[in-house]
Amino acid sequence: MSMLASDTFAAVSLAHALLLSGALMAIGMAGFLSRRNLIVMFLCTELMFQAAIVAMVAFGRWYWDFSGQIFVIFILTVAAAEAALALALVVLLFRRRSTLDAEAWTELRE
Amino acid sequence: MSLFGLSLPLLAQGTPAVPMSEVVIAPELWWAGLIMLLPLLSLVLCGLCAAFKVKSKLPAVITTVCLAGAFITSVFLFLNYTPPGDVVPLLDWINLSWGSGQFESFSANFSLYIDSLSLLWIMFVTGLATLITIYASEYMEPDLGKGYSRFFAGVSVFIFAMSALVLSDNLLMLYLGWEGVGFASYWLIGYYYKRPAAVAAAKKAFIVNRIGDLGLALAVYLIWTTFGTVQYDELMTVIQDGSYKTVYDGWTISVIPFLLMLAAFGKSAQLPLYVWLPDAMEGPTPVSALIHAATMVTAGIYLVARTYPLFMLEPVSLHVVAWVGGLTALLAATIGMAQYDIKRIMAYSTISQLGFMFLGLGVLSTYGAAYHVFTHAFFKAVLFLACGAIMHGFAGQLDLRKISGLRHIKGWRIVAWTMFVGAIALAGFPFTAGYFSKDAILAEAFVTQGPGFEILGWMAIVTAGMTAYYTFRVWFRVCAGPVQFEPGDELHGDDAHDNGGEFHPHAPRFAINSVLIIIAIGSVVAIVPYFMSNQADAQITGGWIADMVHDSTAVDGVPTHTAVVVGHADQAHDHGHPTLLGMDPHYAMYWISGTVGMVGLFLAAWLHLWRRSDADALRGWLRGHAFVSWLPRAMERKWYVDEVYIALIRLPLWILGHIFFAFDRFIIDGIFVDGVARIPRGVARWLQPLQSGAVQSHAVVMAGGIGLIILLMALFIQFGWFGGVL
């Protein structure tokens with residue numbers, strides 16, 4: 001079993017994992033930069049989060065060091081809390097302007 | 001050596017002929033401090049009156065009572081002090097000592113130096129102040145509930161400072177009082193602070209006085225470094241025993257009297273610093289009478305008399321004092337002859353009379369100077385107060401061409417005749433107080449040897465004639481002649497209430513009239529001290545005032561100083577005394593000054609009483625002839641002194657001020673202060689477009705930044721410290 005797992009992972013190299021992570025990051029960033037809907041932008045940040053997590057797990061495996069995975073547990077917990085907060089914020093922002101368009105919030109310029 | 005040789009070369013050696021009498025420390029006279037405390041109390045109470053918006057005459061009553069208390073205290077002090085003088089310690093103020101040597105201590109305490117000079121001054125200051133506050137209680141009536149308390153608070157401050165000046169036992173406290181009276185003068189000249197002219201006059205008085213004050217401050221400093229003390233009794237002792245010579249480095253002794261002189265000329269309105277006094281007439285008339293005629297302006301005389309031994313150490317300084325005094329007397333008299341504003345005429349007359357006093361100090365007649373201060377205080381006060389009553393009753397009218405025949409108007413007889421009493425004294429009419437006090441000075445100008453003192457004496461005699469002329473020009477124009485008047489432009493509500501708005505001067509009432517009568521009597525009685533002698537010493541025949549001055553520091557250090565204070569002839573004159581017209585100058589002067597006084601009076605009567613048209617004809621004739629036409633114009637324009645000062649001092653200072661202003665505005669502010677502040681602003685303006693507020697654009701910048709960092713790190717990893725790239 002352990003061999004199987006080991007082999008399975010052996011087939012997936014670090015490069016694969018990092019490519020996945022990079023792809024997630026690129027998609028998230030592209031979405032964040034191109035979309036103006038607050039919820040979509042938030043989901044895009046979550047995507048970038050996942051990119052980081054994937055990279056961390058991959059490096060943990062690569063170095064055979066579990067602290068990467070421990071970190072991931074923590075990050076997931078924090079991300080869950082943060083998701084709740086961020087969605088609450090989005091709801092509040094929506095109530096203020098009754099729109100989800102990020103363009104409605106540009107007072108901090110200049 | 002003759003008694004009247006007064007040999008100045010001897011003075012230059014600083015040889016004391018008479019040992020200094022010991023001054024007694026007298027703590028039992030502590031109540032003398034009341035003279036200073038009562039005006040202070042009055043100030044506080046007047047301040048409270050102002051705070052509680054008292055609408056009655058309470059502030060006047062408080063001030064009068066307090067000043068009367070101060071006067072009574074000074075009279076008691078006169079009866080109880082021990083000649084030659086007492087020092088009354090009140091409070092310790094500065095009492096430093098860092099060794100036992102002569103220059104290793106500095107004390108300046110609140111102690112009173114009670115000698116005849118300070119007593120003479122404090123008695124007439126507090127006495128006249130009491131009377132003038134009574135006068136002011138009526139005069140200031142239109143301001144009841146408005147500036148009334150402020151006015152009397154100002155008077156209280158003035159008397160407090162003046163008593164500190166006069167009674168202090170050291171130069172530092174004198175300096176405090178000196179600044180205090182300057183401040184009180186500023187306060188009261190600017191009393192009508194809504195009138196721009198009054199504000200300008202107050203500033204002018206203060207600023208011109210600052211020049212003199214600088215002289216005093218430097219003098220006090222140099223006196224300490226030269227003599228090691230600023231306390232009068234120690235100072236006089238050091239001068240007497242010559243112990244300062246061990247450290248005397250040559251030049252300070254010659255400079256000190258000139259600095260003191262500068263101070264005295266500023267405060268006592270002498271050339272070149274007299275210009276503030278005529279403008280000071282913008283203040284209420286009681287102030288002009290009290291501060292700018294009778295008391296404060298004599299502070300300069302007091303200072304010179306008090307520090308007389310310092311002047312004796314440098315005889316040239318006394319020659320300068322005499323000449324400046326004589327020239328000021330002449331100049332101010334010529335200006336006074338051609339003015340139309342009666343208060344201004346009195347102001348120029350004050351400057352001129354102060355010039356006489358300085359002349360007296362300069363020609364070694366400290367007695368004459370002190371006596372003239374004393375008599376002048378009375379007759380000039382009564383003249384000013386009469387002018388004030390006229391101004392008050394005729395709605396601010398001061399032009400002598402527009403009021404006439406006052407003595408025939410009902411209710412104005414007291415003003416007219418008390419003014420007459422003051423005028424004959426000022427004119428030096430024979431057997432008036434002014435006649436005797438002025439003669440004492442004039443005669444001494446012919447007795448004392450000095451550079452051109454004889455010319456100076458004749459100049460002063462001419463000035464005395466002019467004095468008689470301008471004084472009676474005012475009196476004959478205003479008080480005599482046909483009844484005619486026009487009101488000034490300060491109409492009160494009650495001036496025109498009946499007869500369909502026709503103007504009715506409101507005659508002075510009880511307070512003003514009674515004060516005028518009392519001071520007029522005082523100016524007559526002021527001759528008594530001249531004939532009264534209570535000193536056993538037969539040498540001293542100048543009367544009571546001469547005794548007083550004789551006991552004070554004004555003559556300590558003067559060789560054969562009894563001779564200096566001899567007012568008129570005695571057996572001492574036999575010894576090589578200079579003569580005038582074949583007579584002893586003191587006798588001759590009775591005839592000469594009496595005559596010039598009469599001539600001046602006669603001229604005034606001719607031009608301003610009997611044939612007034614002749615005055616205009618004379619003026620027209622003068623102006624019509626090219627070679628003299630400048631004369632009346634220059635006299636009326638006050639010899640263009642103000643204009644010259646504007647051109648020589650004010651204009652350059654104004655230009656300099658604007659240059660500094662421009663430097664400050666454009667260089668300091670523009671380049672340094674604002675310039676530095678502009679740097680972050682400029683940077684911010686450059687970076688401002690980055691702050692669009694749109695989340696995406698921020699994110700792009702962030703992503704770009706991260707990308708840049710990654711790129712740099714990659715390059716770093718690849719090439720190490722950018723070595724390959726840069």
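How many bridges join β2(B) to β3(B), and do they run parallel or antiparallel? Here are some notes that begin with that sheet and then move through both chains.

1. **What we are looking at.** This is a predicted model, in which local features need pLDDT of at least 70, side-chain atom pairs count only at pLDDT 80 or more, and totals for chains, interfaces and linings use all residues. Residues are numbered from 1 along each chain as its sequence is written, while chains are lettered from A and ligands numbered from 1 in the order in which they are written.

2. **The sheet of chain B.** To take up the opening question, 10 bridges join β2(B) to β3(B), and the two run antiparallel. Strands here are DSSP E runs of at least two residues, helices are H or I runs of at least four, and both are numbered from the N terminus. Two strands count as paired if DSSP finds at least two bridges between them. The sheet in chain B is open, with three strands in the order β1-β2-β3 and mixed pairing. Its edge strands, each pairing on one side only, are β1 (24-25) and β3 (105-115) of chain B. Two bridges join β1(B) to β2(B), and these strands run parallel. As a reminder, strands of a sheet pair through backbone hydrogen bonds, either parallel or antiparallel.

3. **Partners to look up.** If you want to check the register by eye, B:Ile25 has B:Val87 in β2(B) as its bridge partner. On the β3(B) side, B:Ile114 stands opposite B:Asp86.

4. **B:Pro84, just before β2.** This proline sits in the loop between α3 (58-80) and β2 (85-97) of chain B. Why is B:Pro84 classed as partly exposed? The class follows because B:Pro84 has 17 C-beta neighbours inside 10 Å; a residue is buried if 20 or more other C-beta atoms lie within 10 Å of its own, exposed if 12 or fewer, and partly exposed in between, with C-beta atoms placed from the backbone. The C-alpha atom of B:Pro84 is 8.5 Å from that of B:Val24, although the two residues are 60 apart along the chain.

5. **Chain B as a whole.** Chain B contains 28 helices and five strands. Of its 726 residues, 51% are buried. Among its contacts with a separation of 6 or more, 78% are between residues 24 or more positions apart; a contact means that two C-beta atoms, placed from the backbone, lie within 7 Å. The chain is divided into domain 1 (28-313), domain 2 (315-365 + 393-488 + 523-530 + 577-615) and domain 3 (656-719), with bounds from an automatic or database domain assignment. The centres of domain 2 and domain 3 of chain B, taken over C-alpha atoms, are 78 Å apart.

6. **Two helices worth a look.** Helix α24 (residues 585-610) of chain B has 26 residues and reaches 35 Å from first C-alpha to last, close to the expected 38 Å; that expectation is 1.5 Å times one less than the number of residues. The buried residues of α24(B) include B:Met589, B:Ile592, B:Val596 and B:Gly600. They pack against α17 (413-427), α18 (433-447), α19 (453-478) and α25 (612-624) of chain B. In α14(B), 17 of 23 residues are buried, and the helix is mostly covered.

7. **Chain A and the contact.** Chain A has four helices and zero strands. Of its 110 residues, 11% are buried. Each chain gives 10 residues to the contact between A and B. On the chain B side, these are five nonpolar, five polar and no charged, where Ala, Val, Leu, Ile, Met, Phe, Trp, Tyr, Cys and Pro count as nonpolar, Asp, Glu, Lys and Arg as charged, and the others, Gly among them, as polar.

8. **Confidence.** The model scores ipTM 0.79 and pTM 0.77. The mean pLDDT (the predictor's confidence in each residue, from 0 to 100) is 86 for chain A, with 88% of residues reaching 70 or more. Within chain A, helix α1 (residues 2-11) has the lowest mean among the elements, 56, and helix α2 (residues 14-34) the highest, 92. Chain B averages 83, and 87% of its residues score at least 70. Over residues 556-575 of chain B the pLDDT is below 50, and it stays under 50 over residues 1-19 of chain B too. Where pLDDT is low, the predicted coordinates should not be read in detail.
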